[in-house]
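Visitor: I'd like a close look at one part of this protein, the largest pocket. Which residues line the largest pocket, and how do the helices around there meet?

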Amino acid sequence: RVVASSFKESAAQMIADMKRVSAGTVDDSDLMQKSVQGMIMGLKGEQITQLLDASRLAARTWGQDVSATFDTVVTAVGGGVRAMGPLVMMGLVTKEQFELLNKAIAAGVTDIDLFSLVMANAEKQAAAFGGKVKDSREELQQLKAEIKDITEVLGKFIYKSCGYVVASVV
C-alpha cells in the first residue's frame, strides 16, 4: 500500500483488478510482490494489470503457470528492449519484431514502446485462443493460489495466537 500510494496508485484497486484478470490463478502475495516490482520498474497500475492479462494467455503458449509467466513478463517489459528475449519465447514479441527492434536500437532509437507492442501481440494470441476462457491447467493454478492464500491466513492466525499465549505466560 505504501509503495502504491507513493506512485499515486490505489493498492486496493490494483489488487482487485489483478484478482479479476488472473481469474484466481495467482495468489494475493504474488500479486502484491509483482505489482511492487512493476511500479519500481516504472510501470503504472493499469499497465501491470494488462500485463497480467497478457501473461494468462502467454502462460499457455510458454507452458508455465500464470504467476511465473507474469513475473517474467513484468521483468522483461519493465527492463526494456534489452530484456525482451523471454517475450519472444512466449509469443508476446515476434522474431521479426525482435530483429526490427534490435536494428532500431543499433541505429540509436531509444524511445521504444515495448508495452504497446506486447499488448498488441497479446490481443492476437487472445484471438487465436478464442478468448480468455479458463482451461484445466488454470483451474489447478487457481486451486494452488487458494491453498497458498489460506495457508498465509492460517499462518498469521497461528502466529498471533502463539503471541498471545507467550504474552499470557510471561
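Guide: Here's a walk from the whole protein to the pocket, and then out along the helix contacts.

A quick word on the ground rules: this is a predicted model, where local features need pLDDT of at least 70 and side-chain atom pairs count only at pLDDT 80 or more, while totals for chains, interfaces and linings use all residues. Residues are numbered from 1 along each chain as its sequence is written, and side-chain values use heavy atoms, with hydrogens and water left out.

The protein has 9 helices and 0 strands; both are DSSP runs, helices being H or I of at least four residues and strands E of at least two, numbered from the N terminus. Its C-alpha trace spans about 70 × 35 × 25 Å along the principal axes.

Now the pocket. Rolling a probe the size of a water molecule over the atoms shows where empty space is left. Here a pocket is an open set of points on a 1 Å grid over the protein atoms alone, found with a 1.4 Å probe, with protein on both sides within 12 Å along at least five of seven lines; lining residues have an atom within 4 Å of a point. The largest one has a volume of about 240 Å³, a volume being the space filled by probe spheres set on the points, which are joined across faces, edges and corners. Around it sit Arg1, Val3, Ala4, Ala11, Ala12, Met14, Ile15, Asp28, Met32, Ser35, Val36 and Met39. The elements giving two or more residues to that lining are α1 (2–6), α2 and α3 (28–40). Of these, α3 gives the most, with 5 residues. By class, you get 9 nonpolar, 1 polar and 2 charged residues in the lining; Ala, Val, Leu, Ile, Met, Phe, Trp, Tyr, Cys and Pro count as nonpolar, Asp, Glu, Lys and Arg as charged, and the others, Gly among them, as polar.

Next, how α2 and α3 meet. Their axes come within 10 Å and cross at roughly 115 degrees; axes are lines fitted to C-alpha atoms, for helices over the stretch in contact, with angles from 0 to 180 degrees between N-to-C directions. Met14, Ile15, Met18 and Lys19 of α2 make the contact with Asp28, Leu31, Met32, Ser35 and Met39 of α3, where contact means heavy atoms within 4.5 Å. That set holds 6 nonpolar, 1 polar and 2 charged residues.

Helix α2 (residues 11–22) also meets helix α4 (residues 45–62): their axes come within 9 Å and cross at roughly 15 degrees. That makes α2 roughly parallel to α4, the label for angles under 35 degrees. On the α2 side the contact uses Met14, Asp17, Met18, Val21 and Ser22, and on the α4 side Gly45, Ile48, Thr49, Leu52, Asp53 and Arg56. By class, the contact has 5 nonpolar, 3 polar and 3 charged residues.

One step further out, the axes of α4 and helix α5 (residues 66–79) come within 8 Å and cross at roughly 120 degrees.

Terms used. Parallel < 35°, antiparallel > 145°, perpendicular 65-115°, else oblique.
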